[in-house]
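Q: I'm new to this structure and would like a close look at a single part. Could you walk me through the aromatic rings and what surrounds them?

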Amino acid sequence: MTIKYTIAAGMLAALVGSWGTAHAQGGFAPPELATVKVRDNIYMIRSGASGNVTVLISDDGVALIDAKFAMEHDGVMAQLAKITDKPVRYVINTHMHADHTGGNAAMQALSAEVVASQNARRIMAETQTEGLPNIVMDDYLRIYLGKMPIDLYYFGRGHTDGDIVIHLPEERIVITGDLFATWGPYVHLIHYAAGGSARDWSRSLERALKLDFDTVIPGHSGVTDRAHMETYLAETVRLQDMVRQMNRAKRSRDDIQAMLMMEFGWSGFMMNFGLDGIISEMQ
C-alpha cells in the first residue's frame with residue numbers, strides 16, 4: 001500500500017529525468033556513481049538516481065550525510081572503499097525521502113547510528129520505513145566525529161517538515177539536503193503531504209544563511225557557494241510573490257500552472273506534489 005508521504009523509486013527517477021543532467025557541476029548529477037573530493041577528509045558520492053552522499057572522515061571513523069536508495073548501498077560502499085577503510089559510525093538523514101534514506105537499514109546492519117530530525121523520523125515511521133533513525137533532534141544537535149564538530153539544525157519547513165541543515169564550522173561548509181537541492185537550474189519540489197511549505201521555505205533559508213560558511217553541498221547538484229544559495233533564496237521569494245500576485249488577480253489554476261512551468265521549470269511531477277498546495281498557501 002502506498003502511503004501519501006512516500007515518493008517511490010520510479011517517481012524519483014522521473015523527477016531526475018525532468019531536472020536533467022545538463023551541467024557538469026550544477027544540474028542533477030552524473031548518471032553513474034562517482035566520488036568527488038571536496039577537502040582532504042570530505043567527499044561526495046553522486047549519481048543521477050538519487051541524492052548526494054557527503055562523506056566525512058576522521059581517525060575515529062566515517063559519518064555519511066544521506067544514504068541514497070537501498071539498491072545503491074553496495075555501490076556506495078564500493079565507492080567508500082576507494083577512499084577509506086574506516087567504519088561508518090553515523091548516517092545523518094537530511095530529510096525522509098527514500099533517495100536519501102533508503103540505505104539506512106543496510107548501514108545500521110554495519111553498526112552505524114542513524115540521525116535525523118524528530119519530524120523526519122515521525123513521517124518515516126508512518127510509512128513503515130525500514131532503517132528508522134535511532135537518534136533524533138528537534139532544533140539543534142552537535143555530534144563529534146573524532147575532533148570534527150558536526151552541527152545539525154532544523155530551521156523550519158521547506159521541501160518537507162523534516163529538513164535539516166548540517167554545518168561544519170571548522171570547514172565553513174553547509175550541507176543542505178533538498179532545502180537547496182539544485183543549481184543550474186534552481187528547482188523547488190514542495191512536498192505538502194510531508195509538511196513542506198513554499199511560504200516558510202524562504203524563512204528557513206534565511207536562517208541557514210546566518211551560519212558562517214562559504215561552501216555549499218546541495219541535496220543533488222555539485223559543490224557550490226554562498227552566492228548560489230543566496231540566489232536560490234531570491235528565486236524562492238520570487239516564486240512566492242508571483243503566485244501571490246496571480247492569486248490576487250484571480251488568475252486561474254491553469255494560468256498559475258503555466259507560469260510555474262515557464263518561469264520556474266516545474267515539471268508534471270512537481271505539479272502533482274505542489275501546485276494546489278502553493279495556490280492555497282500563497283493567498
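A: Let's start with the rings: this predicted model holds six aromatic pairs. One of them joins Phe-180 and Tyr-232, whose ring centres sit 4.8 Å apart with 35° between the planes. That pair counts as tilted, because planes under 30 degrees apart would be called stacked and those over 60 edge-to-face. Where do the two partners sit in the chain? Phe-180 is in the loop between strand E11 (173-177) and helix H6 (198-208), while Tyr-232 belongs to helix H7 (residues 226-248). The two are 52 residues apart in sequence, so the pair ties together separate parts of the chain. As for exposure, Phe-180 is buried, and Tyr-232 is buried too.

Tyr-232 also pairs up with Tyr-186. This pair is tilted as well, at 6.0 Å centre to centre and with 50° between the planes. Again, distant parts of the chain are linked: Tyr-186 comes from the loop between E11 and H6, Tyr-232 from helix H7, and 46 residues separate them. Are these two tyrosines buried or exposed? Tyr-232 has a relative accessible area of 0%, so it's buried. Tyr-186 has 22%, which means it counts as partly exposed, because the cut-off for buried is under 20%.

Now put the pieces together: ring pairs link Phe-180, Tyr-186, Trp-201 and Tyr-232 into a cluster.

Two members of that cluster turn up again when you look at how the helices H6 and H7 meet. Their axes come within 9 Å and cross at roughly 155°. That makes H6 roughly antiparallel to H7, because angles over 145 degrees fall in that class. The crossing of H6 and H7 is left-handed. Which residues make the contact? From H6 come Ala-198, Arg-199, Trp-201, Ser-202, Leu-205, Glu-206 and Ala-208. H7 brings in Met-229, Tyr-232, Leu-233, Thr-236, Val-237 and Gln-240. So Trp-201 and Tyr-232, both linked into the ring cluster, also take part in the contact between H6 and H7, with Tyr-232 being the one at 0% relative accessible area.

One more ring is worth a glance, this time with a charged partner. Arg-226 lies over the face of Phe-213, at 4.0 Å from the ring centre.

Note on methods
Residues are numbered from 1 along each chain as its sequence is written. This is a predicted model: local features need pLDDT of at least 70, side-chain atom pairs count only at pLDDT 80 or more; totals for chains, interfaces and linings use all residues. Side-chain values use heavy atoms; hydrogens and water are left out. Rings of Phe, Tyr and Trp (its six-membered ring) pair if their centres lie within 6.5 Å; planes under 30 degrees apart count as stacked, over 60 as edge-to-face and the rest as tilted. Helices (H or I, at least four residues) and strands (E, at least two) are DSSP runs, numbered from the N terminus. Buried means under 20% relative accessible area, exposed over 50%, partly exposed in between (1.4 Å probe, protein chains only). A charge sits over a ring if NZ of Lys or CZ of Arg is within 6 Å of the ring centre and within 35 degrees of the ring normal. Axes are lines fitted to C-alpha atoms, for helices over the stretch in contact, and angles run from 0 to 180 degrees between N-to-C directions. Angles under 35 degrees count as roughly parallel, over 145 as roughly antiparallel, 65 to 115 as roughly perpendicular and the rest as oblique. A crossing is left-handed if the near helix is turned anticlockwise from the far one by less than a right angle, and right-handed if clockwise. Contact means heavy atoms within 4.5 Å.
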